Amino acid sequence: MAGTAVRGRLTWQVSAVTALIDETASVKTIELQAPDWAGHLAGQHLDVRLTAEDGYRAERSYSIASAPGEPVALTVERLEDGEVSPYLTEELRPGDDLEIRGPVGGYFVWDGDDSVTPLMLIAGGSGVVPLRSILRHRSNLRSTVPVRLLYSARSLADVIYRDELDQEGAGVEVIYTLTRQQPQGWTGHRGRVDKSMLSEVAWPPDQQAIAYVCGPTPFVETVASSLVGLGYPAQRVKTERFGGIGGS
Ligand SMILES: Cc1cc2nc3c(=O)[nH]c(=O)nc-3n(C[C@H](O)[C@H](O)[C@H](O)COP(=O)(O)OP(=O)(O)OC[C@H]3O[C@@H](n4cnc5c(N)ncnc54)[C@H](O)[C@@H]3O)c2cc1C
């Protein structure tokens, strides 16, 4: 059984695009039907491979946006000068095939154990994708583990999954910080996440929270070092870096 699961993870498989959902002007969710998928944990990612007619191939990693047990979904932000993300967000159509391999990663995961301490989820831009899987998993399990999500986006229009996040139920606090543009009368946080914002928003270190931090590499590094500076033990700060130079 374990051998089958490992073989499944390491082998490319063809999935079919079942739906494309507009999340923001530059972000789409891609829902897939993957008959050979062996299942995934909340927080894992997968690899996507595109092959051009001349045989040229490009591979990228994408976090899995759906919860364990749900059909595989990805949420992709289009980078104007990118090679793969413009294809996934602009060219792909329902019914198309998409080669995937996974799931990948055993560290940036939440296994649903709610006997443990609170969760501190911190996202920059599309870094919210694996955290959304964790939130959906929590909800599907009817877990009562307390969660705070601090989500840094450029503007309210750039918030991915906004309707879903705004409907999160008891035990989940969603806190936005808008870095570039705030609506008139905005009373929430503004500007990038830093140590002072975290000292206000994050669970105090004596609550033994586990932090999951995901986004562009410089964002993740700033947040992780600030949490450690505030007294979070480094092993309680799990990080996932998407690359790039930031901007959220
Ligand atoms: C584990 C993991 C999970 C990821 N999950 C997601 C996800 O859920 N959703 C998602 O949209 N992306 C995710 N990414 C990023 C994704 O793998 C690609 O890097 C991204 O889609 C850009 O690919 P591209 O081919 O379009 O751009 P490229 O052609 O690779 O790069 C174009 C330009 O954009 C810059 N760049 C590359 N990556 C980023 C980035 N992440 N942010 C800003 N600038 C960048 C490059 O330096 C270059 O200048 C994840 C990355 C990793 C490692």
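I take the domain bounds here from an automatic or database domain assignment. The model I am looking at is predicted.

**Domains**

I looked up how the chain is divided and found domain 1 (2–104) and domain 2 (119–241). I then took the centres of domain 1 and domain 2 over C-alpha atoms and got a separation of 24 Å. Next I checked the contacts across the boundary: 16 residues of domain 1 are in contact with 15 residues of domain 2. On the side of domain 1 that touches domain 2, I noted that S1 and S5 each supply at least two residues. I sorted that side by class and recorded 7 nonpolar, 7 polar and 2 charged residues.

**Ligand shell**

I turned to the ligand and listed 22 residues around it. The closest are Gly82, Glu83, Val84, Ser85 and Gly244. By class I have 8 nonpolar, 9 polar and 5 charged residues in this shell. I asked which strand gives the most to the shell around the ligand. I found that S4 does, with 4 residues. Strand S4 (57–63) and strand S5 (73–77) each supply at least two residues of the shell. S5 therefore came up twice in my notes, since I also have S5 supplying at least two residues of the side of domain 1 that touches domain 2.

Where does the ligand shell lie with respect to the two domains? I noted that domain 1 and domain 2 both give residues to the shell, so it lies between them.

**Strand pairing around S1**

I followed strand S1 (residues 13–24) to its partners. S1 and strand S2 (residues 27–33) pair in the antiparallel sense over 7 bridges. I recorded S1 and S2 as a hairpin with 2 residues between them. S1 is also joined to strand S6 (residues 97–104) by 4 bridges, and S1 and S6 run antiparallel.

I picked Ala16 to trace both pairings. Ala16 stands opposite Gln33 in S2, and the bridge partner of Ala16 in S6 is Asp97.

**Nonpolar core**

I looked up the largest nonpolar core and counted 53 residues in it. Leu121, Ile122, Leu131, Ala211 and Tyr212 touch the most other members. I checked which domains this core draws on and found at least three residues from each of domain 1 and domain 2. In soluble globular proteins, nonpolar side chains tend to be buried together.

I then asked what Tyr212 is in contact with, leaving aside its neighbours within four places in sequence. I listed Gly43, Phe108, Leu119, Leu121, Leu131, Ile134 and Lys238. Of these contacts of Tyr212, Leu121 and Leu131 are also among the core residues that touch the most other members.

How values were computed:
Residues numbered from 1 in each chain as written. Predicted model: local features only at pLDDT ≥ 70, side-chain atom pairs only at ≥ 80, totals over all residues. Near = placed C-beta within 6 Å. Nonpolar A, V, L, I, M, F, W, Y, C, P; charged D, E, K, R; others polar. Pairing = 2+ DSSP bridges. Core = buried A, V, L, I, M, F, W, Y, C linked by C-beta atoms within 7 Å. Buried ≥ 20, exposed ≤ 12 C-beta atoms within 10 Å, placed from the backbone. Contact = placed C-beta atoms within 7 Å.
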